[in-house]
Each structure stands twice: as structure tokens, then as C-alpha cells.
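Trainee: I get lost when I look at a whole complex at once. Could you pick the surroundings of the DNA and take me through that one part slowly?

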Number of protein chains: 2
Amino acid sequence: MPRDVFSALADPTRRQVLDLLSRQERAAGELGRAFPHISQPGISRHLRVLREAGLVHVRQDRRNRFYSLRSERLAEVDAWIAKYRGFWAAELDSLEAYLDARKRSATRGGR
Amino acid sequence: MPRDVFSALADPTRRQVLDLLSRQERAAGELGRAFPHISQPGISRHLRVLREAGLVHVRQDRRNRFYSLRSERLAEVDAWIAKYRGFWAAELDSLEAYLDARKRSATRGGR
DNA sequence: ACAATATATATCAAACTGGTTATGTATGTC
DNA sequence: GACATACATAACCAGTTTGATATATATTGT
């Protein structure tokens, strides 16, 4: 049942779904309507893959199933890429700058 | 011919190959020997996928083909995940600590 | 020229993917 | 109870992937 996170992310539609969920939770039907070229069962199966990979969480509410992002597994992917981050130093420096800025504006307990 | 980076990363063997290349360039045969359960043509095709995804570079030297990491495409993946980085604040803080340590030990020009 | 080494390509079967249509199940509405 | 809504699962199919074995190509050594 457990799915590999990397292969779950291999499909562009599933990545778009995660993008949609990054802003807010959404009902399955709402997600489906975002992909008019894919049938309802098609989206349903993409959602299943994301579920099995632990990338999303589902909440049942009345007739709706609301999907939301679970970031833990994405953190694993990020940890894998982190090993390579030293290879593109420029981007690393800009991230560093971002973190510095974040640190300066941190009002203790923020976020 | 161009391959999707995410699907190239979907295979665990290919991720391991990149891990091996992250330390130093290696000949195809050397990479193959790191996976005794996979045949030589099997590895050769994994290398082809990595090539087509732009994740590795090949250099011919005598009888050997030396593979090395090309980080640009990994940076693209990193950029995608960056959008989600705010979601796991704890890990972000540890990365921050790492960057701080890196900054302190930076002896100008060091990798 | 011949043999050995290093690596890629060809071909094929088994497994996996991603899409479809048809159907099932649960929850509301009249 | 009959019907609609919201979603999942089943069955099926075409295309792709991954592994294997066999073969080709290029380079080096004798």
C-alpha cells in the first residue's frame, strides 16, 4: 500500500494537484474540475496515489471529501535534494539570504 | 528525446547513481559494479535515461565513459519543492543551522 | 588480424501507468 | 422510496518501463 513519494511526484497532474492544495484544502470534485480534460475516475485515482504516498490527507465532511497537503513526505524529498544543494552555489546563497531575512523578521513564535 | 526530470528521479536505482556521482565522476562500468543485481545493459539504460533528462554529463576517455553530475536540472526540482518549504518549519530551522555553520566555516572559495 | 575490454543498442516478456467506461456506495433531497 | 450528488472502485486497454539475453561497436593490447 505504501507508495514511493518520488514516483507519486513523477506525474505532472499530481504535482499540479499538490500545487492547488498548497494554498488551501479542496474537495475532490473541485480538484477534478481543475482538470477538465481528465475524467472524474481519473482524478480519483491520482488522488489515491497521492494518499498512498502519504502526500495528502482526506477529511470527510457530509458528501464531500476534502483533501489537504501533508508536507512531511515532501520534506523527505527536500532532504534528498539537500545533499546536492551545494552544487548550485548561487541559488544556495539566495536561499541563505531568504533565511536571513526570515530570521530578522521573526517575531518569536511566528508561523 | 528530452526526458522529464521528475520521472527520471522516480527510480531508486537512478537516484543511487546520482548519489554515487555526487562525490566524484565515475566510469559506467564502475557504476554497474555498484549494482550487482542489475545487468550491464540494465545500468546502461538507466544511464541513458539520466542523460536524456540532462542530469548527467558523459566524458569519453580512452575505453571509458565517465559520468558526472549536472546539477542544473536538480535545481529545477529544488525550485519546485521550494514552494512548499514553508510547510515544515522545523526542518527549515535545521537547514538554517546548517547554512550558518557553512557560513562560519567558509574559507573563501571552499566548494 | 585477433582477442579482450568497455559500453551501447536490439529485442522481447512481464509489470506498471494512465486513461476510459461502467458500476458501486454513501449521503442528501423531494 | 425514488432520484440526484459526490466520490471511489472494477474492469479493460494502449503505451511505457524495466529487466534479461543476445548482439553490435569502439578501443586497446598482442
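Mentor: Start at A:Tyr67, where an N or O atom in the side chain is 2.4 Å from a phosphate oxygen of DNA strand D. That is a polar contact, meaning a pair of N or O atoms within 3.5 Å (inside protein, one must be able to donate a hydrogen and the other to accept it, and residues adjacent in sequence count only if both atoms are side-chain atoms). Before we go on, a word on the model: it's predicted, so local features need pLDDT of at least 70 and side-chain atom pairs pLDDT 80 or more, while totals for chains, interfaces and linings use all residues, and side-chain values use heavy atoms, with hydrogens and water left out. As for labels, residues count from 1 along each chain as its sequence is written, with chains lettered from A and ligands numbered from 1 in the order written.

Back to strand D. Chain B joins in too: a polar backbone atom of B:His37 is 3.3 Å from a phosphate oxygen of this strand. The bases get a visit as well, since a polar side-chain atom of A:Gln40 lies 2.8 Å from a base nitrogen of DNA strand D. Altogether 22 residues are around the strand, and A:Gly29, A:Ser44, A:Tyr67, B:Arg45 and B:His46 come nearest. Of the strand D atoms within 4 Å of the protein, 63% are sugar and phosphate. "Near" here means that a heavy atom of the residue lies within 4 Å. The surface near strand D has 5 nonpolar, 7 polar and 10 charged residues. In that tally Ala, Val, Leu, Ile, Met, Phe, Trp, Tyr, Cys and Pro are nonpolar, Asp, Glu, Lys and Arg are charged, and the others, Gly among them, are polar. The biggest giver is α4(A), with 5 residues. Helices (H or I, at least four residues) and strands (E, at least two) are DSSP runs, numbered from the N terminus.

Now swing over to DNA strand C. Here B:Gln40 puts a polar side-chain atom 2.9 Å from a base nitrogen. B:Gly29 has a polar backbone atom 2.7 Å from a phosphate oxygen of strand C, and B:Ala28 has one 3.4 Å from a phosphate oxygen. Two or more residues each come from α4 (40–52) of chain A and from α3 (28–33), α4 (40–52) and β3 (64–69) of chain B. Of these, α4(B) gives the most, with 5 residues.

What does β3(B) belong to? It sits in an open sheet of 3 strands in the order β1-β3-β2 of chain B, with antiparallel pairing; strands pair if DSSP finds at least two bridges between them. β1 and β2 of chain B are at the edges with a single partner strand each, so one side of each has no neighbour in the sheet. Helix α2 (residues 12–23) of chain B packs on this sheet, touching β1, β2 and β3 of chain B, and its direction makes about 90° with that of β3(B). Contact means heavy atoms within 4.5 Å, and the angle, on a scale from 0 to 180 degrees, is between N-to-C directions of lines fitted to C-alpha atoms, for helices over the stretch in contact. To finish, find B:Tyr67 in β3(B): B:Val58 stands opposite, and B:Tyr67 is also among the residues that come nearest to strand C.
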